[in-house]
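Me: Could you take a close look with me at one part of this model, the place where the opening helices meet? I'd enjoy a connected walk through it, with a little of the wider setting first.

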Amino acid sequence: MRAPFCAIYDSIFLDLPMSRVKFNATADYAYLDNFKILSNAFRKHHIDRPIPVEMLVKCKMQDNLEFLQWTKRFWDQHYPGGDYDALARRKGQAVGSAPAPTPRASTTRRAPAVAATSGARTRTPLGGAGGAQTAALTQENNALKETVQGLERERDFYFSKLRDIELLVQGAMEAEPELEKDEGGLLKQIQTILYSTEEGFEIPAEAEDEEGELIEEETF
């Protein structure tokens with residue numbers, strides 16, 4: 001952003017010696033020569049804005065940005081309009097870019113290619129540990145089945161006893177109907193215990209047997 005400053009102000013005043021501006025400058029002394037041309041133009045046209053030459057040469061971002069913004073505002077206010085022939089103003093001087101730095105040799109090593117394995121992977125069969133675990137689970141399952149069968153036999157045994165008691169109570173009340181009216185009697189209390197349920201328990205609804213007849217589920 002050294003030589004372009006000269007071109008910007010020359011587009012306004014058309015009197016800067018653009019043929020002397022070094023567009024391909026790469027050294028500080030060449031930058032200073034360009035800023036001398038720009039400073040002379042500022043003095044000639046009575047522009048009071050100081051040019052921070054040292055900061056611009058050192059490429060201080062904040063100073064370069066501030067000076068560029070001020071230059072943009074000045075150009076918007078004073079540019080006379082029309083086309084600006086930059087090539088003719090610098091008398092055909094070529095504008096090139098600074099030589100690109102020589103690329104460094106890459107020191108990154110390429111990882112060796114991993115040979116692809118052909119064929120599908122096969123699962124490794126479970127060894128002794130897996131077999132022992134399966135055997136233990138099977139044994140535990142068999143023990144649980146035996147426990148359930150024992151509980152079912154015990155349930156059926158007590159159910160049959162309660163059913164016998166229920167039939168005896170019903171038979172006694174049918175023989176003597178007055179016993180059913182005696183709420184404090186022994187048979188009535190036994191019947192109350194047989195038919196009582198826990199909180200949250202619901203008596204199953206009537207079920208239909210295979211022949212379509214409704215049967216009442218026994219309750220004790």
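Me: Among contacts in the chain between residues at least 6 apart in sequence, what percentage join residues at least 24 apart? After that, please zoom in on how α1 and α2 pack.

Reply: Happy to! Please keep in mind that this is a predicted model. To take your number to begin with: among contacts between residues at least 6 apart in sequence, 56% join residues at least 24 apart. The chain holds 8 helices and 2 strands, and along the sequence they come in the pattern α-α-α-α-α-α-α-α-β-β. Of its 220 residues, 19% count as buried.

Now to the part you asked about. Helix α1 covers residues 3–13 and helix α2 covers residues 28–44; the two pack at an angle of about 25°, and their axes lie 9 Å apart. Because angles under 35 degrees count as roughly parallel, that angle makes α1 roughly parallel to α2. The crossing of α1 past α2 is left-handed. On the α1 side, the contact is made by Ala 3, Phe 5, Cys 6 and Tyr 9, and these meet Asn 34, Phe 35, Leu 38 and Phe 42 of α2. Sorted by character, the residues of this contact divide into 7 nonpolar and 1 polar, with no charged ones.

Cys 6 deserves a second glance. This residue belongs to the α1 side of the contact, and its relative accessibility is 0%, so Cys 6 counts as buried. For a cysteine in another setting, turn to Cys 59, in the loop between α3 (53–57) and α4 (61–78). Cys 59 has a relative accessible area of 48%, which means that it is partly exposed, since the exposed class begins over 50%. Its phi is near 60°, a positive value in a residue other than glycine. As for cysteine pairing, a disulfide is a covalent bond between the sulfur atoms of two cysteines. A search of the whole structure finds 0 disulfides.

Back at the helix pair, the loop between α1 and α2 has a backbone detail to look at: Leu 14 sits in that loop. The phi of Leu 14 is near 55°, again a positive value in a residue other than glycine. With a relative accessible area of 47%, Leu 14 is partly exposed.

To put the close-up together: α1 and α2 pack at about 25° in a left-handed crossing, through a contact with 7 nonpolar residues and 1 polar one, and Leu 14 lies in the loop between the two helices.

Notes
Residues numbered from 1 in each chain as written. Predicted model: local features only at pLDDT ≥ 70, side-chain atom pairs only at ≥ 80, totals over all residues. Heavy atoms only, no water. Axes fitted to C-alpha atoms, helices over the stretch in contact; angles between N-to-C directions. Helix = DSSP H or I, 4+ residues; strand = E, 2+ residues; numbered from the N terminus. Parallel < 35°, antiparallel > 145°, perpendicular 65-115°, else oblique. Left-handed = near helix turned anticlockwise from the far one by under 90°. Contact = heavy atoms within 4.5 Å. Nonpolar A, V, L, I, M, F, W, Y, C, P; charged D, E, K, R; others polar. Disulfide = S-S within 2.5 Å. Buried < 20%, exposed > 50% of the residue type's maximum accessible area, 1.4 Å probe, protein only.
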